[in-house]
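User: Could you take me through this one, starting with a helix and then moving on to whatever it packs against?

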Amino acid sequence: MTDKTDQDQDFWTIGRKPVQEILFAKPEQVDLVYIQNDVRSRALERIVDICKSQKVRFRMVSAGELQRIHSGNHQGALARIFQPGFTNMGAVLEQVTKAPLPLVLALDQVQDPGNLGTLARTMVALGGAGMILPKNRTAFPGTVAAKAGAGALNKLPIAHVTNLARSLDYCREQGFTVYGCAVDAEGENMFRMIPAYPSILVLGNEDKGIRPNVLKRCDHKIFIPMPGIMQSLNVAQAGAIALGMFAKTRDEMA
């Protein structure tokens with residue numbers, strides 16, 4: 001199924017030549033390219049070739065699907081754009097040396113753009129180093145996320161990764177301690193922990209939480225004690241509490 005997306009012009013490049021140009025000039029800005037699958041065109045074939053060479057995701061879709069995504073004169077090609085541009089994971093990890101809070105937030109298939117934007121805003125407010133997002137099944141930082149983030153998405157380095165589990169393995173090799181926020185009978189009470197820095201905090205999907213293959217990469221499973229009547233929080237609320245606890249302990253250690 002193709003993602004439902006808004007048609008805000010700031011988040012789209014439309015047309016065969018404009019899509020080719022941005023793929024050549026600024027591939028780090030391109031989140032996903034949609035290409036019409038029922039037209040024989042050398043220009044569209046060229047876009048597919050460029051996507052493959054630049055390692056940019058693309059999807060072949062029908063004319064009707066393409067029109068549903070964007071009603072403009074797309075000529076069979078649309079590129080969904082993140083204007084600040086994604087960066088690589090190494091660049092995000094390097095930010096911990098100068099971040100007030102030496103922590104990177106990794107989101108495991110968080111699909112609500114409002115949650116994505118809110119978490120980015122919390123990270124910027126607390127001085128976090130950056131974010132890691134899987135390329136697939138993750139909310140796009142578009143209009144909804146930008147509104148919830150109140151400008152935070154333009155200030156926070158964001159890495160796009162193909163495989164989050166392997167990326168966390170790399171983070172651990174680089175000396176990061178990985179914490180996964182999960183409901184786990186054997187987990188650690190977040191309010192009592194003393195985290196190690198630099199840190200990676202992993203938050204999971206709104207319904208399913210952190211995937212097992214990702215959770216097993218976490219050095220520590222942590223939970224939020226909830227003695228009140230409500231026994232659940234959305235990922236943005238849980239993330240804000242967790243990030244607040246990391247910031248508190250960092251301040252106490254300073």
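**Helix 2 and its sheet**

Analyst: The buried residues of helix 2 (helices being DSSP runs of H or I, at least four residues, numbered from the N terminus) are Leu44, Ile47, Val48, Ile50 and Cys51, where buried means under 20% relative accessible area and exposed over 50%, partly exposed in between, with a 1.4 Å probe and protein chains only. This is a predicted model, in which local features need pLDDT of at least 70 and side-chain atom pairs pLDDT 80 or more, while totals for chains, interfaces and linings use all residues. Residues are numbered from 1 along each chain as its sequence is written, and side-chain values use heavy atoms, without hydrogens and water.

User: How do those buried residues fall around the axis of helix 2?

Analyst: They fall within an arc of 165° seen down the axis, so they line one face of helix 2; the arc is that of the directions from the helix axis to the C-beta atoms.

User: And which exposed residues are on the face turned away?

Analyst: That face carries Arg42, Lys52 and Ser53.

User: What covers the buried side?

Analyst: The cover includes helix 1 (16-25), strand 2, strand 3 and strand 4, strands being DSSP runs of E with at least two residues.

User: Switching to the sheet, what is the strand order?

Analyst: The sheet is open, with 4 strands in the order 1-4-2-3 and mixed pairing, and two strands pair if DSSP finds at least two bridges between them. Strand 1 (12-14) and strand 3 (58-61) each have a single partner strand, so one side of each is left without a neighbour in the sheet.

Definitions and conventions: Contact = heavy atoms within 4.5 Å.
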